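User: I'd like a close look at a single part of this protein, with some sense of how the rest is arranged around it. Here is the model I have in mind.

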Amino acid sequence: MKIVCLGSGNVATHMANAFNDNGADIAQVWSRDLENAKALANDIGARAISDLKEVDEHADLYLIAVKDDAVAKVSKALKNVNGLVVHTSGATGMDVLQDHKQHGVFYPLQTFSKSQPIDFIHVPLCLEANTEENMDLLQLAAMKLSPLIYEVDSKKREVLHLAGVFACNFVNHMYQLSHQILKKNELDFEMLRPLIMETAVKVQEALPEDVQTGPAIRNDKKTILKHEELLKKMPHLQEIYKNLSNSIKKTH
Ligand SMILES: NC(=O)c1ccc[n+]([C@@H]2O[C@H](COP(=O)([O-])OP(=O)(O)OC[C@H]3O[C@@H](n4cnc5c(N)ncnc54)[C@H](OP(=O)(O)O)[C@@H]3O)[C@@H](O)[C@H]2O)c1
């Protein structure tokens with residue numbers, strides 16, 4: 001399977017490497033910045049390009065893994081390509097690719113950072129395609145990476161992505177705020193890691209609403225007031241604390 005990778009960021013890097021490791025031929029890596037394209041392409045024996053006019057017209061799969069706002073523009077600039085054109089965005093409809101006869105979506109429901117290794121075997125792949133034949137092709141490609149394959153349309157994918165923002169991006173931001181609080185008081189983030197791990201492990205078996213703990217669900221008013229007082233000089237965090245405590249109280 002010959003693949004052209006458009007983008008050289010977190011997702012492009014992990015996907016191109018995973019496809020390469022599983023026998024696909026990544027022919028080209030495109031980025032606006034040739035150096036970024038080279039950084040990925042050189043690792044996987046692909047050709048780095050920075051001009052979309054140089055894109056090989058005869059690949060099987062064109063993987064657009066650029067920031068959401070740039071997907072439509074990159075797609076429009078792909079002229080005369082013959083293979084299947086897909087993007088990797090959760091929040092972008094499949095219709096932005098409709099100029100291409102064969103198009104679809106290849107959305108990995110996972111968080112990717114270039115610096116962190118990922119085992120694709122545990123990555124759910126949400127697929128959408130404009131025809132049944134193209135869905136078959138996408139499934140063949142997806143099976144190279146993961147057994148967790150789902151057919152998800154654009155509307156459902158948008159909802160999955162929104163839920164993912166709560167479950168991952170917001171949760172990670174909470175870690176960052178915890179770090180900020182600890183640092184201000186000369187305490188080490190390392191001490192919190194077992195708590196973070198146990199919280200994530202618990203919801204692998206249970207539903208989050210069944211394992212919520214803390215002062216808000218117990219309605220421990222004095223503790224809540226004490227925490228709010230501790231955050232007096234950090235009004236932004238105090239506001240978040242109040243909002244989240246209220247949300248926990250309201251939903252239990
Ligand atoms: N990271 C995740 O956890 C994750 C998970 C699932 C899906 N996704 C989706 O995957 C896609 C890529 O995300 P990412 O996290 O890999 O992003 P990223 O690491 O920030 O990389 C963004 C890529 O977009 C390119 N880019 C930025 N602005 C551009 C523009 N105006 N025109 C053309 N290219 C542009 C960058 O190219 P240059 O090298 O030229 O700057 C870079 O290759 C997004 O649609 C995202 O929603 C991300």
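How many buried residues are there among the 16 residues of H9? And once that is settled, please take me closely through strand E7 (residues 125-129).

Analyst: Happy to. Bear in mind that this is a predicted model. The count of buried residues in H9 is zero, so to speak a hardly covered helix. H9 covers residues 235-250 and reaches 22 Å from its first C-alpha to its last, close to the 22 Å expected at 1.5 Å a residue.

Strand E7 gives another picture: five of its five residues are buried, and the strand is mostly covered. For the chain as a whole, buried residues make up 27% of the 252 residues.

Now to the side chains of E7. In a regular strand, side chains alternate between the two faces of the sheet. In E7, Leu125, Leu127 and Ala129 point one way, while Cys126 and Glu128 point the other way, and all are buried. Glu128 is thus named among the buried residues of this strand.

Next, the neighbours. E7 pairs with strand E6 (residues 103-108) in the antiparallel sense, over five bridges. Within that pairing, Val105 stands opposite Glu128 of E7. E7 also pairs with strand E8 (residues 149-151), where three bridges join the two and the strands run parallel. There, Leu127 stands opposite Glu151 in E8. Between E7 and E8 the chain crosses through helix H4 (residues 132-143), and this β-α-β crossover is right-handed.

To set E7 in context, the protein chain has nine helices and eight strands, and its C-alpha trace spans about 65 × 35 × 30 Å along the principal axes. Of the contacts between residues at least 6 apart in sequence, 49% join residues at least 24 apart.

A last stop is the nonpolar core. In soluble globular proteins, nonpolar side chains tend to be buried together. Here the largest nonpolar core has 48 residues, and Cys5, Leu6, Leu63 and Ile64 have the most contacts inside it. Helix H1 (residues 10-21) supplies the largest share of this core, five residues. Leaving aside residues up to four places away in sequence, Ile64 touches several residues, including Leu6, Val71, Val74, Val85 and Val86. Gly7, Ser75 and His87 are also among the residues that Ile64 touches.

Definitions and conventions: Residues are numbered from 1 along each chain as its sequence is written. This is a predicted model: local features need pLDDT of at least 70, side-chain atom pairs count only at pLDDT 80 or more; totals for chains, interfaces and linings use all residues. Helices (H or I, at least four residues) and strands (E, at least two) are DSSP runs, numbered from the N terminus. A residue is buried if 20 or more other C-beta atoms lie within 10 Å of its own, exposed if 12 or fewer, and partly exposed in between; C-beta atoms are placed from the backbone. Two residues are in contact if their C-beta atoms, placed from the backbone, lie within 7 Å. The expected span of a helix is 1.5 Å times one less than its number of residues. Two strands pair if DSSP finds at least two bridges between them. A crossover is right-handed if, with the strands pointing away from the viewer, the path from the first strand over the helix to the second runs clockwise. A nonpolar core is a set of buried Ala, Val, Leu, Ile, Met, Phe, Trp, Tyr and Cys residues joined through C-beta atoms within 7 Å.
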